[in-house]
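Subject: Structure for you to look at

Hello,

Here is the structure I promised to pass on. Please open it and follow along as you read.

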Amino acid sequence: MPAVRGDGMRGLAVFISDIRNCKSKEAEVKRINKELANIRSKFKGDKTLDGYQKKKYVCKLLFIFLLGHDIDFGHMEAVNLLSSNKYTEKQIGYLFISVLVNTNSDLIKLIVQSIKNDLGSRNPVHVNLALQCIANIGSKEMADAFGNDIPKLLVSGETIDVVKQSAALCLLRLFRTTQEIIPGGEWTSRIIHLLNDQHMGVVTAACSLIEALVKKNPDEYKGCVSLAVSRLSRIVTASYTDLQDYTYYFVPAPWLSVKLLRLLQHYPPPEDPGVRGRLNECLDTILNKAQEPPKSKKVQHSNAKNAVLFEAISIIIHSDSEPNLLVRGCNQLGQFLSHRETNLRYLALETMCLLATSEFSHEAVKKHQETVINALKTERDVSVRQRAVDLLYAMCDRSNAEEIVQEMLNYLETADYSIREEMVLKVAILAEKYAQDYTWYVDVILNLIRIAGDYVSEEVWYRVIQIVVNREDVQGYAAKTVFEALQAPACHENMVKVGGYILGEFGNLIAGDSRSAPAVQFQLLHSKYHLCSPGTRALLLTTYIKFINLFPEIKGQIQEVLKSNSNLRSSDAELQQRASEYLHLSITTTTDVLATVLEEMPPFTEKESSILAVLKKKSGRMSAQEAQKEARVQARENSAAPAVEKAQSQSEMESSNVAISFRQLNNSTSADLLGLSTPPATQNNTQSNTGVLVDVLGDLYGGSSNTNTHNGTASSSPSVASSGAVDNIKKFVCKNNGVLYENDIIQIGIKSEFRQNLGRIGVFYGNKTSMPLQGFAPSVSMGPGQQGKVSVQVKPVEPTIDAGAQVQQLVNCECVEDFSGLPDLTVGFTYGNVPQRLILRLPLSCNKFFEPTDMNGESFFARWKNLSQPQQESQKIFKATSPMENAAIKTKLLGFGMQLLENIDPNPDNFVCAAIIHTRTQQIGCLLRLEPNRQAEMYRLTIRASKETTSSILAELLAEQF
């Protein structure tokens, strides 16, 4: 609102004063209605209103609107003010339009024309007002109307600096609405060279625009790196007297310095030695200036100076290639750990967490261990204590693991409730990762349960059971320790679960001691029974039936418990069923059968799970820099043991219908961050490709033990965090559903169905991180083998995938004629301000359009002879790469999409199949014969097809599966 000068806006000032003096809401409404009536009559009846009066009345309407009252007139008068040559009148007109005019209004065409007139004006003030109005509205309509004018204005040599500054910010606002507004080609270079502009304000505005453009298309704008380094060098080496207009409390251009440093973090370290050396000189200078005595005692000086310093350390961490700078940055942050300013301590701890992930600065961070532990004990601010816990976790290795874990356990007893669950996960991870003696690991986890049992998730106690089961050397110690822990008067339910499982499996190892005799173990566990939830009671019943096998002498006591009304007639169906079946099992079966059914559980399959991702999801506090470092952390920690995962049975008891397995108790599958996994459905060998889609990704983790290593291509620039990445594309030749690709950031699942020559593929993209994936843009492209032979229609997806969320993309496809190879699936997105690009393959192969065909032996051999032309047959002889088991071979042939014909081939060891490939123009008959030679471990595969090129395509696809 323009200031009132003299009596120039006295009417407005009086009206505002009247409103403020109103004693009640009713009085205010009455005064406003009176004023609205007066303004309405002036606009309708007085045709001689001049610009000043229109401005005054429009100002009053704007004030009334800002008080929360609806305004349904005055818009035309505001539009008329735009044509005024007076600044104040034009300013009020633009202000009214920016606030009150809807983009769907009929007046928008008039407004656009007025703005165009002002953009072409030679008066820079008018041009600036128009640009500010466009930015304030910022709609798609504004982007369409002025998308060509503003870029020209920005790079024109005739445009003055203040207008360039406004044009850059206006363009940035419209780019956030419509990304297509920025032209490419020669415009790219002209926009980048704004970083060389003499006017610092233009450079600052252009830097914000370029950073946004780089996030969308880093390759196109990579030329900005050298210019940004050059400009940064000039700022850093300048004295505060050289840039007086842009010096803030003796710090030259701090905002621009921070923007330039952030811009450089979107790219890897410069390859050019000169540019790289100059950047390192800038960073070295910033670190040197941080050591200099302050030039002012005011907080603004230290804030500006530290803002540049922290951003410089961020780019040092991002580059992770200069050991000297990393150590110097660590030492500088170490000085802040004892600073009196809480915010500085917090930022220092947060940044040192990232430094701890670098091999060059990890040892330097460890030198501050005592200071961090002291902060954990004495710091008043809970957020700072939380960051101290994070730093201890990050700096932990084999040399200091026991000390750090003990300190975290000590703190856990008094820790804030909001961070206890996260701390429990961290302690569990560290204890397992760095355990040199697994008895220590068992002690740590039992201590965790004792100290913070309510915060120990299922993953943690599942994991300790898995480790105890898999390591014979620790089983006796675990049984003894858990037996002693259960003797405490107040015992957490998670301790009872662990105790029940371990004693049920290994209680016999301590039964020789009279203090832990079988009867004592049973009585100790049963004393906790009535205090537990139904789930834990069910586990204890399984322990009791295990005891009958381990300790026949207490069989009678256990049967009495199973016969009790509280179990046999329990309101809980699971308890009632277990008690009944276990009792019947103990009475009717022989000792040998009982020993077979209740034998010790086999070792768990060792496989890595997603506890680190679970930890990040629990904390929900992963910064952009942490996201950038995630892949490197995973690669550096090669010694990391598999993280917490839910226990899962390796083999099921088939000797009876009784559910004996502790693992079955919780019906748990492997930990899956996205919740995509569902228990695998029973496989039906007669299933064909013509089936409809079933529940989402039902077999994601089926057969994961044979997962291929990463075969997809991860583009080196932009980068992609590919630690632990797996690409399962080869498996999809013989299946339609599952996980196509997975790394630490994203999980891509496939679910497809095909009928004749048509198909539909559902691609599921799951964000595994606690940060959104921005600019998400997957695309499908055809290679030479598919061009014109298969038609694909790809539905668009949302450009953002929220943390932990999943989106689906549908791909409709049609087989025009037989084709070879697979289409390319390119997935681009931005994660933690770092562009990512995955180049994969879409599992759309020629065999997906099979229709299984049944026939008798006579028909098969008649058709086989008809397809006897050399070009109709393709034969491959190859070495077996997996066990030559009949069941596995049948499963692959059925998954390939053909009908398996039984008892057709004279040799019962051979397999023959038949199917028809449906295309838009024809049907292609296909016959297959697979001859295994188990002595030589070789296969001979013969495929005949009615179309010449088809047999070789199918033979290439199928031969890779065996």
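Start with a turn. Strands β11 and β12 form a hairpin, with 2 residues between them. G832 sits in that turn and has a positive phi of about 60°. Bear in mind that this is a predicted model.

Stay with this hairpin. β11 covers residues 824-831, and β12 covers residues 834-841. The two strands run antiparallel and are joined by 8 bridges. To find one pair, look at D824: the bridge partner of D824 in β12 is R841.

β11 also pairs with strand β8, residues 774-781. This pairing is antiparallel too, over 6 bridges. Here A777 has G828 of β11 as its bridge partner. How many residues of β11 are buried? The count is 7 of the 8, so β11 is largely enclosed by the rest of the structure.

Next, the open sheet. It has 6 strands, in the order β4-β5-β6-β7-β10-β9, with antiparallel pairing. Which strands are at the edges? They are β4 (726-727) and β9 (790-794), and each pairs on one side only.

Walk in from β4. It is joined to β5 by 2 bridges, and the two run antiparallel. V726 has E742 of β5 as its bridge partner. β5 spans residues 737-742, and 6 of its 6 residues are buried. A residue counts as buried under 20% relative accessible area. β5 is therefore largely enclosed by the rest of the structure.

Then comes β6. A hairpin of 3 residues joins β5 to β6. These strands pair in the antiparallel sense over 5 bridges. Y741 is matched with I748 of β6, its bridge partner.

One more step takes you to β7. β6 (residues 746-755) and β7 (residues 758-767) pair over 10 bridges, again in the antiparallel sense. Find Q747: it stands opposite G766 in β7.

Now the helices. Take α6 (residues 108-119) and α7 (residues 124-137). They pack at an angle of about 140°, with their axes 8 Å apart. Are they parallel or oblique? Angles over 145 degrees count as roughly antiparallel. α6 and α7 are therefore oblique to each other. Their crossing is left-handed.

Which residues meet there? From α6 come I115, D118 and L119. From α7 come H126, V127, A130, L131, C133 and I134. By class, the contact of α6 with α7 has 7 nonpolar residues, 1 polar and 1 charged.

A130 has another link to check. Its C-alpha atom is 9.3 Å from that of Q91, although the two residues are 39 apart along the chain. Q91 is found in helix α5, residues 87-100. With a relative accessible area of 23%, Q91 is partly exposed.

Last, α28 (residues 518-526) and α30 (residues 555-563). These two helices pack at an angle of about 20°, and their axes are 10 Å apart. Angles under 35 degrees count as roughly parallel, so α28 is roughly parallel to α30. This crossing is left-handed. A519, F522, Q523 and H526 of α28 make the contact with Q557, I558 and V561 of α30. The contact of α28 with α30 holds 4 nonpolar and 3 polar residues, with no charged ones.

Best wishes

Methods. Residues are numbered from 1 along each chain as its sequence is written. This is a predicted model: local features need pLDDT of at least 70, side-chain atom pairs count only at pLDDT 80 or more; totals for chains, interfaces and linings use all residues. Side-chain values use heavy atoms; hydrogens and water are left out. Axes are lines fitted to C-alpha atoms, for helices over the stretch in contact, and angles run from 0 to 180 degrees between N-to-C directions. Helices (H or I, at least four residues) and strands (E, at least two) are DSSP runs, numbered from the N terminus. Angles under 35 degrees count as roughly parallel, over 145 as roughly antiparallel, 65 to 115 as roughly perpendicular and the rest as oblique. A crossing is left-handed if the near helix is turned anticlockwise from the far one by less than a right angle, and right-handed if clockwise. Contact means heavy atoms within 4.5 Å. Ala, Val, Leu, Ile, Met, Phe, Trp, Tyr, Cys and Pro count as nonpolar, Asp, Glu, Lys and Arg as charged, and the others, Gly among them, as polar. Two strands pair if DSSP finds at least two bridges between them. Buried means under 20% relative accessible area, exposed over 50%, partly exposed in between (1.4 Å probe, protein chains only).
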